[in-house]
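These notebook entries record what I looked up in this structure. I begin with the packing of nonpolar side chains and then turn to strands and rings.

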Amino acid sequence: MTACTRCETALEAGDLRCAICALPVPSGPRTGGADAAAPVARVLRCTDCGAAVAFVAQARAPRCGFCGQTMAIEQPVDPIEEARQRVPFTVDRPAAEAAMRGWLAARGWFAPRALSREAVLESLTPLSWAAWRVNATAQVSWTADSDAGAGRSAWAPHAGETELAFRDILVPASRGLIEAECRALIPHYTLAPAVPVAPAGSPSGIAGAPGTSDAVAPGGMPEGMPGMIERFDAQRSAARAYVQNCIAIVARVRVERYIPGRRFRNVRVSCLIARQTTERIALPVWVLAYRYRGAPYRAIVHGQRPAVVLGRSPLDWTKISALVGIALVIAAIIVLIALTK
């Protein structure tokens, strides 16, 4: 791996500028990387929900893994980032469907009573969504007010500097999942089982012996069904900008142990990132499309923890109307009582 000629920061394959000092990278070091000769890819873009996923020939139809609609072909100018690692599924198809049924049954009083029983499952698709996995080390300078050494005042200023390490920061790069969904899924992933993605054309989707799949893990996916791997929507430069903001937020909390005294306020940090590496990773989810009385809905089941389910569900407007009517009657009674006094 080459280094920046000015600040000696390690340069990753595909970098156009140094991530720390922004010095342009000469063409020589960049051409030696694995991404230098990456071909311009054709991407299947869903015409309904906009998801960008890989085309699986075995499916025999260019259908979106999120909503089942047809796909449109894009041919971008720049090479498309692809995952180099993926986290295997540990939730199989029956467990994902059971998780969805349990989630529908627990939607609360405002949901239709027959929702879990009458919901019709239309599709259940394994999908690995795109994210950046970032490790970094930062020199953090901080300032704060605390009660230590305040004397006759309530607060006294303090400052300091420390080096902090940040590991396994996940930055969403998904087009099909919205950011709020990604944020809800990320805390529940275990990244230790991540495996390399097989070269293009391998039937498994995982590097190794032909015919292997995510099913090597107990309770994993059926053999020969590694699922679709989503193409990246956010490029490395956008991921780094987001990571720097995340590091500042986390650092503001982690420096609190270095602030003297029992009480403090106005904590501010400035982070100088010294070492940062990024990896492209794909994270597992089950995407479920279901209908309730003709209306389509979508739910997402975590690929490692079936208890984590996200999505939309219908509301029972009869119950809502009755509740609003009762509230209006109560409000009218209160007004009448107030007027008669």
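**Entry 1. Nonpolar cores**

I looked first at the largest nonpolar core, which holds 27 residues. Within this core, W132, V140, F166, I169, V171, I247 and V255 touch the most other members. I then asked which elements supply at least two residues each, and found β5, β6, α5 (236-254) and β9. The largest share comes from β5, with eight residues. I note that the model is a predicted one.

I took V140 as a case to follow in detail. Leaving aside residues up to four places away in sequence, V140 touches G160, E161, T162 and L164, together with A251, V255, V269, S270 and C271. One of these contacts, V255, is itself listed among the core residues that touch the most other members.

I also found a second core, separate from the one above, with 20 residues. A131, L185, A194 and L310 are included in this second core. As background, I recall that nonpolar side chains in soluble globular proteins tend to be buried together.

**Entry 2. Overall counts**

I next recorded the totals. The protein has six helices and eleven strands. Its length is 341 residues, of which 41% count as buried. I computed contacts between residues at least 6 apart in sequence, and 70% of them join residues at least 24 apart. The accessible surface is about 18,400 Å², and carbon and sulfur atoms account for 57% of that surface.

**Entry 3. Partners of β9**

Which strands pair with β9, and in which sense? I went through the bridges strand by strand.

- β4 runs parallel to β9, and two bridges join them. R86 has A282 in β9 as its bridge partner.
- β5 (residues 120-146) runs antiparallel to β9, with 25 bridges between the two strands. In this pairing, S141 stands opposite S270 of β9.
- β10 (residues 295-302) is also antiparallel to β9, through eight bridges. L288 is bridged to A299 in β10, and Y292 stands opposite A295 in β10.

I then looked at the turn between β9 and β10. This hairpin has two residues between the strands, and R293 takes a positive phi near 55 degrees there.

From β10 I followed the chain onward to β11 (residues 309-311). The pairing of β10 with β11 is antiparallel and comprises three bridges, and the hairpin that joins them passes through six residues. A299 stands opposite G311 in β11. A299 is also the bridge partner of L288, and I therefore note that A299 has a partner in β11 as well as one in β9, with bridges taken as DSSP finds them.

**Entry 4. Aromatic pairs**

How many aromatic pairs does the structure hold? I counted three. One of them is formed by F89 and W286, which are arranged edge-to-face, with 5.5 Å from centre to centre and 70 degrees between the planes. F89 lies in the loop between β4 (85-86) and α2 (93-105), whereas W286 belongs to β9 (residues 264-292), so the pair ties together parts 197 residues apart in sequence.

Are these two residues buried or exposed? F89 counts as buried because its relative accessibility is 0%, and the cut-off is under 20%. W286 is likewise buried, at a relative accessible area of 0%.

I then examined Y290 and Y297. Their ring centres are 5.5 Å apart and their planes lie at 25 degrees, so this pair is stacked. Both Y290 and Y297 are buried.

**Entry 5. Charges over rings**

I searched for charged groups over ring faces and noted two cases. The charged end of R254 sits over the ring of F166, at 4.9 Å from the centre of that ring. R263 lies over the face of W155, 4.7 Å from the ring centre. I had already met F166 among the residues of the largest core that touch the most other members.

**Entry 6. A156**

I closed with A156, which is found in strand β6 (residues 156-172). Its relative accessibility is 10%, so A156 counts as buried. Not counting residues up to four places away in sequence, A156 touches A144, D145, S146, A148, G149 and A150. I also computed the separation of A156 from G261, which is 105 residues away along the chain: their C-alpha atoms are 9.9 Å apart.

Note on methods. Residues are numbered from 1 along each chain as its sequence is written. This is a predicted model: local features need pLDDT of at least 70, side-chain atom pairs count only at pLDDT 80 or more; totals for chains, interfaces and linings use all residues. Side-chain values use heavy atoms; hydrogens and water are left out. Helices (H or I, at least four residues) and strands (E, at least two) are DSSP runs, numbered from the N terminus. Buried means under 20% relative accessible area, exposed over 50%, partly exposed in between (1.4 Å probe, protein chains only). Contact means heavy atoms within 4.5 Å. Accessible areas come from the Shrake-Rupley method with a 1.4 Å probe; for residues, only the protein chains shown count as cover. Rings of Phe, Tyr and Trp (its six-membered ring) pair if their centres lie within 6.5 Å; planes under 30 degrees apart count as stacked, over 60 as edge-to-face and the rest as tilted. A charge sits over a ring if NZ of Lys or CZ of Arg is within 6 Å of the ring centre and within 35 degrees of the ring normal. A nonpolar core is a set of buried Ala, Val, Leu, Ile, Met, Phe, Trp, Tyr and Cys residues joined through side-chain atoms within 4.5 Å.
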